[in-house]
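Colleague: Could you walk me through reading a ligand site? I would like to learn the steps on an actual case.

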Amino acid sequence: MRRPSIALAIAALIAGAALAEENHLARGAELLAPFKRELQAALREGLAEGPSRAIGACRLRAPQIAESLSRDGVRVGRTSHRLRNPANASPEWVRPILDAYLADSDDRASRVAQLNEGRAGYVEPIATKQLCLVCHGESLAPDLAQQIRELYPEDRAVGFREGELRGVFWVEFPQGDATP
Ligand code: HEC
């Protein structure tokens, strides 16, 4: 009777881990949704007034939005392998996931990670869309390029092509938070 019960226990553990992963995927996506929505709205509103104004919107609004959604043990952010703002540097646990996406351009599935202190992490890749090329593409309008250089002297976030990985969205949350 020992063997089957061990096998059962292992099966239950595997099933439990799979369920936790599913929960974390769902919870992570849910927590990121308002961040993505509000960033996109800020960008579109800014762009409606011209790319110069949109830069202001990205610069001021993006950190505010991230901050306003980072509460109750939840932290959201976005990062990249080629940063515009060094303040968006990747949390340590996100880096290997970002590297995995870079290593395999066909892999665009969301990922979860187990973090310390009962916390979970969730990461989603960000593809470069046509709209993004105005400020992250291969040829920027000269005045825009100049404005970006002044604001972000260490900018590495130009030269992207449509469809290329621009970076990732990430979120950290308490694991108990994962059950819907
Ligand atoms: C109007 C210009 C503009 C457009 C268009 C734009 N961005 Fe950005 N982007 C910026 C600026 C400015 C920052 C730096 C914001 C900050 O200071 O946090 C930034 C930062 C980022 C970051 C954070 C990482 C980093 O490099 O600092 C990501 C990811 C990003 N943009 C993705 C995109 C994507 C995807 C699109 C298209 C949907 C897009 N951007 C469109 C100007 C723009």
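Modeller: Happy to; we will go through the ligand and its surroundings step by step. Keep in mind that this is a predicted model.

Colleague: Where does the ligand sit?

Modeller: The ligand occupies the largest pocket. The elements contributing two or more residues to its shell are helix 2 (51-69), strand 3 (119-127) and helix 4 (133-136). Helix 2 gives the most, with four residues.

Colleague: How many residues surround the ligand, and which are the closest?

Modeller: There are 19 residues around the ligand. Arg84, Cys132, Cys135, His136 and Tyr152 are the closest.

Colleague: And what is the make-up of that shell by class?

Modeller: Sorted by class, the shell holds 12 nonpolar, three polar and four charged residues.

Colleague: Next, the metal. Which protein atom is a donor of the iron atom of the ligand?

Modeller: Here one looks for N, O and S atoms within 2.8 Å of the metal. For the iron atom of the ligand, NE2 of His136 is the only protein donor, at 2.1 Å. His136 belongs to helix 4.

Colleague: Which side chains have polar atoms close to N or O atoms of the ligand?

Modeller: For this step, a pair of N or O atoms within 3.5 Å counts as a polar contact. Among such pairs, a side-chain N or O atom of Tyr152 is 2.7 Å from a ligand oxygen. Asn85 places a polar side-chain atom 2.9 Å from an oxygen atom of the ligand. His136 appears here too, with a polar side-chain atom 2.9 Å from a ligand nitrogen.

Conventions:
Residues numbered from 1 in each chain as written. Predicted model: local features only at pLDDT ≥ 70, side-chain atom pairs only at ≥ 80, totals over all residues. Heavy atoms only, no water. Near = heavy atom within 4 Å. Polar contact = N/O pair within 3.5 Å; in protein donor to acceptor, adjacent residues only side chain to side chain. 1 Å grid on protein atoms, 1.4 Å probe; cavity = no way out; pocket = protein on both sides within 12 Å on 5 of 7 lines; lining within 4 Å. Sits in = over half its atoms within 2 Å of the grid points. Nonpolar A, V, L, I, M, F, W, Y, C, P; charged D, E, K, R; others polar. Donors = N, O, S within 2.8 Å, 3.2 Å for Na, K, Ca; no water.
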